[in-house]
Amino acid sequence: MSLSPNHQELELGIKTLGLNCSTHQVKQLLAYLEMLQRWNKAYNLTAIREPIQMVRLHLLDSLAVHPFIKGVKDIIDVGTGPGLPGIPLAILNPDINFTLLDSNGKKTRFLFQAINDLSLANAKEINQRVEKYQPEQLFDIVLSRAFSSISDMLTQCNHLVSDSGCFLAMKGKKPDSELSQITKAYKVVDLSEVKVPQIDSERHLIKIIKTGDSQ
C-alpha cells in the first residue's frame, strides 16, 4: 500500500532528523495533523493550511527540538497554540510530562480533544495567561516558540522554572539584538542552529539558565 504524501514527507523528515519513531508514534503524529487540518477550517488555529507545509513547519520543526530535552521529567510549553511544539514532542517522549499552556480558549479546547483522541497520558492543557499560572511544582524546562522577544519570555515565565531548570526559546534567525537585552539574572548556555528538513529558513534554539544574580 502506497503512503500518502503527508506520510512520506513525515517519514523522510524523521529519518533526516535521525529520530527513533515507532509505527504507532508515526500514526499518532499523522492523526494529530489530520485533526489540526479539520479543526483549522472552523477555528483558524494556524495560518498554515497546506498539509505538506504543516508537516514541515509544524511537525518536523517541533520534532527537531527532541535532542535538546533529554533526561528531564516536566516541561511546560508556553503559548503552545494548537500544541506546538508540545504535542509532537509528547508523542515522541512518553516518559516526559508536558503541560500545554495557552490563554486562547479555542486552542485549549482543541488541545483537550487532541490529548484525549491521541491517548496522551503524559500531556495536559491549561487555559490560562502565563503570568497568572501558578503550578503545583516547577518545571525542568520552559519551552516556547511563541514569544515576540526572549526578554519577555524570561520575565513572564521566571516563576515557572526550577532553580536547576532552563528556558528553551525557539527562534528563526539568530536573535542577536534580543540576546543583548538579557539581564545578568540569566545566562545563555547554548545557542544551536537547528536544521529542519525541507525548510530553507534559519532556525535556532537558545538555552538559558538563571544565574541567581539580581543585578
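1. Pocket lining from β2. In the second largest pocket, β2 contributes the most to the lining, with three residues. The model is a predicted one. This pocket holds about 210 Å³ of space. Its lining counts 13 residues, and Thr99, Lys124, Tyr133, Gln137 and Phe139 lie nearest the centre. Two elements give two or more residues to that lining: β2 (97-102) and β3 (123-127). By class, the second largest pocket is lined by six nonpolar, four polar and three charged residues.

2. The largest pocket. Here the space comes to about 280 Å³. The lining has 18 residues, and the closest to the centre are Val78, Gly79, Asp102, Ser103 and Ala146. Seven nonpolar, seven polar and four charged residues make up the lining of the largest pocket.

3. Cavities. Two cavities of 30 Å³ or more are present in the structure. The largest has about 50 Å³ of space. Its lining consists of Asp61, Val65, Met170, Lys171, Val194, Arg203, His204 and Leu205. β5 (161-171) and β7 (204-210) are the elements that give two or more residues to this lining. Four of the lining residues are nonpolar, one is polar and three are charged.

4. The second largest cavity. Its volume is about 40 Å³. Ser144, Arg145, Ala146, Phe147, Ser149, Ile150, Met153, Ala169, Met170 and Lys171 form the lining. Two or more residues come from each of α6 (150-157) and β5. The largest share, three residues, belongs to β5. The class split in the second largest cavity is six nonpolar, two polar and two charged. Note that Met170 and Lys171 line the largest cavity and also line the second largest cavity.

5. Aromatic pairs. How many aromatic pairs does a search of the whole structure find? The search gives four. One of them joins Trp39 and Tyr43, a stacked pair with 5.0 Å centre to centre and 25 degrees between the planes. Both residues sit in helix α2 (residues 23-43), four residues apart, about one turn of the helix. An α-helix has 3.6 residues a turn, so residues three or four places apart point the same way. Is Trp39 buried or exposed? Trp39 is buried, at a relative accessible area of 16%. Tyr43 is partly exposed, because its relative accessibility is 29% and the buried class ends under 20%.

6. A contact across the chain. Trp39 also pairs with Phe110: the ring centres are 5.4 Å apart and the planes stand at 65 degrees, so this pair is edge-to-face. It links distant parts of the chain, with Trp39 in helix α2 and Phe110 in helix α5 (residues 105-117), 71 residues apart. Both Trp39 and Phe110 are buried. Tyr32, Trp39, Tyr43 and Phe110 make up one aromatic cluster.

7. Helix α1. This helix (residues 5-17) has 13 residues. From first C-alpha to last it reaches 18 Å, close to the 18 Å expected at 1.5 Å a residue. Which residues of α1 are buried? They are Asn6, His7, Glu9, Leu10, Gly13 and Ile14. These buried residues cover an arc of only 165 degrees around the axis, so they lie on the same side of α1. The face turned away from the buried side carries the exposed residues Pro5, Lys15 and Thr16.

Note on methods: Residues numbered from 1 in each chain as written. Predicted model: local features only at pLDDT ≥ 70, side-chain atom pairs only at ≥ 80, totals over all residues. Heavy atoms only, no water. 1 Å grid on protein atoms, 1.4 Å probe; cavity = no way out; pocket = protein on both sides within 12 Å on 5 of 7 lines; lining within 4 Å. Points joined across faces, edges and corners; volume = space filled by probe spheres on them. Nonpolar A, V, L, I, M, F, W, Y, C, P; charged D, E, K, R; others polar. Phe/Tyr/Trp six-rings, centres within 6.5 Å; stacked < 30°, edge-to-face > 60°. Buried < 20%, exposed > 50% of the residue type's maximum accessible area, 1.4 Å probe, protein only. Expected span 1.5 Å × (residues − 1). Arc of directions from axis to C-beta.
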